[in-house]
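Me: I would like to go through this model with you, one question at a time. Could you show it first?

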Amino acid sequence: MPPDIAPGAMTGLRVIDLSRVLGGPYCTQILADHGADVIKVEPPAGDETRDWGPPFHDEDAAYFIGVNRNKRAIGLDLASPDGRAVLLTMLAQADVVIENFKPGTLEKWGLGNDVLSAQFPRLVHCRISGFGSDGPRGGNPGYDAIVQSMAGMIAATGSRQSGPTRIGVPLVDITTGLYAAIAILMALAERQTSGRGQFVETTLFETGLAIMHPHAANYFLHGKPPALTGNEHPNLVPYAIFPTRTDDIFIGVGNDATFRKLCKEIGKPELGTDPRFARNKDRIANRDALTAELAAVFSAADAEPLCDRLLAAGLPAGPVQTIDKALTSAHAAHRGDVIEKDWYKGVASPIRFARSKAALRRVPPRFAQDTDEVLGEFGFSADEIAALVASGAVCQRKR
């Protein structure tokens with residue numbers, strides 16, 4: 001660790017990251033940002049997201065770069081006996097292993113959880129999969145957009161004009177990674193009492209269902225699937241995009257008192273006492289009429305000054321910004337939300353501790369760049385590493 005960087009909350013935790021693409025790497029970057037020693041183990045072909053560009057830095061795509069900082073990287077062929085032997089040596093000194101192999105793959109290699117838990121009783125083994133290993137879809141491959149579709153997310157997103165629409169960020173993958181990080185920390189906390197690790201699984205499908213709020217809760221109560229409401233909320237009004245003289249803004253109102261305050265602030269206090277809009281259920285019943293009233297007011301205002309005034313009054317409002325404006329905003333700059341090191345620039349960890357701060361210790365690694373260093377730490381001599389490289393079980397960075 002660089003001498004000018006304080007230890008993070010996860011310092012001392014060693015994580016063997018066998019995962020690829022997004023959910024697993026997103027999870028382990030959370031741990032790495034806070035000091036965990038994350039060793040990214042890639043197959044000989046590398047993590048496929050290294051090719052998911054442009055844009056690229058050298059030969060690595062921004063997609064890969066965005067979720068793999070603060071890690072060290074080695075290449076290992078787990079299909080070979082020697083590669084699996086190297087992994088077992090590493091797991092003997094690890095706290096966590098995370099993987100997203102298709103269910104049954106590790107078992108085929110003789111590395112199933114029954115083997116790992118018997119050989120390494122304190123190891124936390126986290127698996128991310130599409131649908132889990134059992135059930136009608138057990139073992140099926142999982143992809144963010146497919147699970148968005150199958151979990152009801154796409155059917156609930158979009159307007160009557162657009163039709164069902166995929167959410168524009170890989171929300172299922174990212175949230176599965178978040179759940180995996182939480183699960184790992186829970187298992188580590190339980191280990192302090194029991195002295196044993198355990199197997200934990202998060203799946204894209206269950207995550208997709210779990211984050212379908214409030215649509216799942218609404219369905220359980222009234223038995224109806226959600227209608228397409230575009231940018232509006234099924235349970236709250238107003239909660240939508242409105243055009244102004246300059247840019248679009250988003251207004252969100254969570255209760256009746258806030259609505260009355262909004263009406264007063266925009267110079268239309270009579271809307272707050274109008275019986276059509278007095279309570280949220282009334283505003284839902286008269287959604288179109290209220291939307292027309294508010295749209296007439298907002299269309300005569302400028303977005304930024306209006307939102308600044310409403311926010312200062314404690315009212316939820318914000319301009320609809322592109323990512324460049326969000327990342328370069330005065331607030332993002334003040335909060336240190338963009339971090340830089342050498343050529344790398346990224347979004348800082350949103351987890352802020354008073355003492356154990358996240359830090360940018362390492363830029364995202366090139367493929368297998370740390371093979372010699374990492375295997376040396378696990379007791380392999382230079383000659384042994386050279387023999388493993390010659391056999392193809394271990395990869396080194398191409399010079």
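**Helix, loops and charge pairs**

Me: Which helix holds I146?
Reply: I146 lies in a helix that spans residues 144-150, where helices (DSSP H or I, at least four residues) and strands (E, at least two) are numbered from the N terminus. Residue numbers start from 1 along each chain as its sequence is written. The model is predicted, so local features need pLDDT of at least 70 and side-chain atom pairs 80 or more, totals for chains, interfaces and linings use all residues, and side-chain values use heavy atoms, without hydrogens or water. The helix asked for is α6.

Me: Is I146 buried, exposed or partly exposed?
Reply: The relative accessible area of I146 is 44%. Buried means under 20%, exposed over 50% and partly exposed in between (1.4 Å probe, protein chains only), so I146 is partly exposed.

Me: How many disulfides are there?
Reply: A disulfide needs two cysteine sulfur atoms within 2.5 Å, and the count by this rule is zero. For C27, the nearest cysteine sulfur is that of C126, 5.7 Å away; C27 is buried, at 0% relative accessible area. C307 has the sulfur of C263 as its nearest, 16 Å away, and C307 is buried too, at 1%. The number of disulfides is therefore zero.

Me: Where is P54 placed?
Reply: The G53 to P54 peptide bond is cis, with omega near 10°. The bond that follows, P54 to P55, is cis as well, with omega near 5°. P55 sits in the loop between β2 and β3, and P54 is placed in the loop between β2 (37-42) and β3 (56-57).

Me: Is D342 buried or exposed?
Reply: D342 is not a glycine, but its phi is positive, near 55°. Its place is the loop between β12 (338-341) and β13. With 67% relative accessibility, D342 counts as exposed.

Me: And is N70 buried or exposed?
Reply: N70 is another non-glycine residue with a positive phi, about 60°. It is found in the loop between α2 and β5 (71-76). Because its relative accessibility is 5%, N70 counts as buried.

Me: How many residues apart are R72 and D37?
Reply: A salt bridge has a side-chain nitrogen of Lys or Arg within 4 Å of a carboxyl oxygen of Asp or Glu, and R72 and D37 meet in one at 3.0 Å, N to O. The pair links strand β5, home of R72, to strand β2, home of D37. R72 is buried, at 5% relative accessibility. The separation of this pair is 35 residues.

Me: In which helix is E107?
Reply: R127 and E107 form a salt bridge, 3.4 Å from N to O. R127 is buried at 4% relative accessible area, whereas E107 counts as partly exposed at 38%. R127 belongs to strand β7, 20 residues apart from E107, which lies in helix α4.

Me: Which helix does R309 lie in?
Reply: R309 forms a salt bridge with E265, with the closest N and O atoms 3.4 Å apart. Both are partly exposed: R309 at 37% and E265 at 29%. E265 lies in helix α10 (residues 256-265), 44 residues apart in sequence from R309, which lies in helix α14.

Me: How many salt bridges does a search of the whole structure find?
Reply: Some of the charged residues join up: R14, D37, R72, R362, E373 and E377 are linked in a network of salt bridges. For the whole structure, the number of salt bridges found is 25.
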